[in-house]
Amino acid sequence: MTLPQLDDSYVRLLHGLYEPWQAAEFPDPQLLVLNDAVAGDLGFDLDELRTPQGVRALAGQELLPGSVPVAMAYAGHQFGNYSPRLGDGRALLLGEVVTDDGRRFDLHLKGSGRTRFARGGDGKAAVGPMLREHQISEAMHALGIPTTRSLAVITTGETITRDALLPGALLTRVASSHLRVGTFQFAAATGDLDLLARLAAYAIDRHHPEVADESTPYLALYTEVLEAQAALLAQWMGVGFIHGVMNTDNMTISGETIDYGPCAFMDRYHPGTVFSSIDTGGRYAYANQPGIAQWNLARLAEAMLPLFADEPDAAVAIATEVLQTFPDRYRAHWLDVMQAKLGLPATVGRELVDDLLVLLEAQSVDWTQCFRAMSSAVRGDAEPARDLFFDRDAFDAWLDRWRDARATDPRDPTGVADAMDRTNPVHIPRNHLVENVLDAATAGDLAPFLDLLDVVTNPYDARPDRPELAQPAPQDAPAHRTFCGT
């Protein structure tokens, strides 16, 4: 088999931030889903990946050339409470794929068994949660949102015990790296300044090599992470995505979305929307996400303080000055996103957008449907949007102001409407649809899952013959709850 050689730069350069480990042995690993596009981009031979040996390699049962599997170490604030030792409790970094054009990607397992970082449980995973991460991460990628990617979902031949007996599975995923805010917290907690500096230099090399020669490269790295997260959060908010567990160990240095446990997409707009069964206080509610991102970035600054200046007070002042730019960075990205969604020129401020949000909340309007309908209004037909509101007079008053703002736009209306249709999806992974196909897949029928996967990975394509795929759950449906899937 001629699968690509892996590199092990994380292991070679960051001793102290991992534990060597092997995946658990699985009785009968079988390929359930393979992401042909990701595999091809990485240079894998698709036919070889589908062989028994290829599947065993994807499941960590046979090591690829150059693979040095490790459980990555990190700390983290979980729901605001600091845990000094988290790490990959049920995951492994197999190594890094370096593509022909020099790009580097982590190859990482999830659900591969307990490691030294495990905090309970069996370290394994069930088919449903692993397919869920595949489905939603690929939907996010199709929406243009930075994310880890799913390469494969593999059944293990085991039955695992949760609330019921479930078929076991693991996920093989890909990321530009798995460096997290929590990785820096762990390194800082060791008191080893050399380790912290090596980690920061490694992050610069992998994600922002352009800052390496600056006079203050570590501060420049921190600023770049701030900017990446501001842009990411604006994109989340634009599609109504709720991560559900924005702990510092779930925030990447790269600005990619990671760990699709209790995440979901909002149907009817409400800023306090929460889906996670464990977020009883609403810490990670939809509207709280930008503020939580800034809170997490403050924890990153605390971890990096020794790299900013020798004198602690000076380091705090430097970090604070940069951190305080986050709200403006986020608001600028968010306004860009919302102006594009509404077909508004850049000269229009946020008041018009904010007033629409008030209407959406008051009238319980579906987020995705409303914004998609606005391109019809640009084309001269506002009825699809008006039909979503029970108080049409209130919406019409807002619509008049929107038309006045549109009248200042020198761009061709047809081009604007077409751009809106490439910005506002018809289809998102509707929570009730996702749960239905996961239930079917767990029972052995993968066809509905693959069908929905095709829909959500082509999110801007209308399916007039299947209107139910663009509809929210019924108003009287039970409140949707998500779980972390461990």
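This briefing describes the overall build of one protein chain and then some of its individual residues.

The structure is a predicted model, and the protein chain in it contains 18 helices and 13 strands. Its radius of gyration is 23 Å, close to the 23 Å that the globule rule gives for 486 residues, so the protein chain is as compact as a globular protein of that length. Of these 486 residues, 57% count as buried.

**The chain as a whole**

- Measured out along its principal axes, the C-alpha trace of the protein chain spans about 65 × 60 × 45 Å.
- When contacts with a separation of 6 or more are considered, residues 24 or more positions apart account for 72% of them in the protein chain.
- The accessible surface of the protein chain comes to about 19,200 Å², and carbon and sulfur atoms hold 52% of that surface.

**Helix 7 and Phe184**

- Helix 7 covers residues 193-207, and its 15 residues should span 21 Å at 1.5 Å a residue, which agrees with the 21 Å that separates its end C-alpha atoms.
- At the start of helix 7, a side-chain oxygen of Asp192 comes to within 3.0 Å of the backbone nitrogen of Asp194.
- Several residues of helix 7 are buried, including Leu196, Leu199, Ala200 and Ala203, and these four residues also appear among the contacts of Phe184.
- Phe184 itself belongs to helix 6, which is made up of residues 181-189, and with a relative accessible area of 1% Phe184 is buried, because buried means under 20% relative accessible area.
- Leaving aside neighbours within four places in sequence, Phe184 is also in contact with Leu221, Ile253, Leu300, Ala303 and Met304, among others.
- The C-alpha atoms of Phe184 and Asp387 are separated by 50 Å, and these two residues are 203 residues apart along the chain.

**Salt bridges**

- Side chains of opposite charge can pair when their charged atoms come close.
- A search of the whole structure finds 40 salt bridges, and one of them joins Asp387 to Arg392, with the closest N and O atoms 2.3 Å apart.
- Asp387 is partly exposed, with a relative accessible area of 49%, and Arg392 also counts as partly exposed, at 31% relative accessibility.
- Arg406 forms a salt bridge with Asp409 in which the closest N and O atoms are 2.7 Å apart, and both Arg406 and Asp409 are buried.
- Salt bridges that share partners join Asp7, Asp8, Arg12, Glu96 and Arg104 into one network.
- Within that network, Asp8 forms a salt bridge with Arg12, where the closest N and O atoms are 2.8 Å apart; Asp8 counts as buried at 17% relative accessibility, whereas Arg12 counts as partly exposed at 48%.

**Two buried residues in loops**

- Thr147 is found in the loop between helix 5 (127-142) and strand 10 (149-161), and with a relative accessible area of 6% Thr147 is buried.
- The side chains of Thr147 and Tyr260 are joined by a polar contact of 2.4 Å, and, not counting residues up to four places away in sequence, Thr147 also touches Ser137, Met140, His141, Glu256 and Thr257.
- Pro345 lies in the loop between helix 11 (326-342) and helix 12 (351-362), and at 8% relative accessibility Pro345 counts as buried.
- Not counting residues up to four places away in sequence, Pro345 touches Gln339, Ala405, Thr408, Asp409 and Arg411, and one of these, Asp409, is the salt-bridge partner of Arg406.
- The C-alpha atoms of Pro345 and Trp334 are separated by 14 Å, the two residues being 11 residues apart along the chain.

**Two residues with a positive phi**

- Most residues other than glycine have a negative phi.
- Phe79 has a positive phi of about 50° although it is not a glycine, and Phe79 is found in the loop between strand 5 (76-78) and strand 6 (81-83), where it counts as partly exposed at 25% relative accessibility.
- Asp259 has a positive phi of about 65° and is not a glycine either; the place of Asp259 is in the loop between strand 12 (241-242) and strand 13 (264-265), and with a relative accessible area of 13% Asp259 is buried.

How values were computed:
Residues are numbered from 1 along each chain as its sequence is written. This is a predicted model: local features need pLDDT of at least 70, side-chain atom pairs count only at pLDDT 80 or more; totals for chains, interfaces and linings use all residues. Side-chain values use heavy atoms; hydrogens and water are left out. Helices (H or I, at least four residues) and strands (E, at least two) are DSSP runs, numbered from the N terminus. Buried means under 20% relative accessible area, exposed over 50%, partly exposed in between (1.4 Å probe, protein chains only). A polar contact is a pair of N or O atoms within 3.5 Å; within protein, one must be able to donate a hydrogen and the other to accept it, and residues adjacent in sequence count only if both atoms are side-chain atoms. Contact means heavy atoms within 4.5 Å. A salt bridge is a side-chain nitrogen of Lys or Arg within 4 Å of a carboxyl oxygen of Asp or Glu. The radius of gyration is taken over C-alpha atoms; the globule rule is 2.2 Å times the number of residues to the power 0.38. Accessible areas come from the Shrake-Rupley method with a 1.4 Å probe; for residues, only the protein chains shown count as cover. The expected span of a helix is 1.5 Å times one less than its number of residues.
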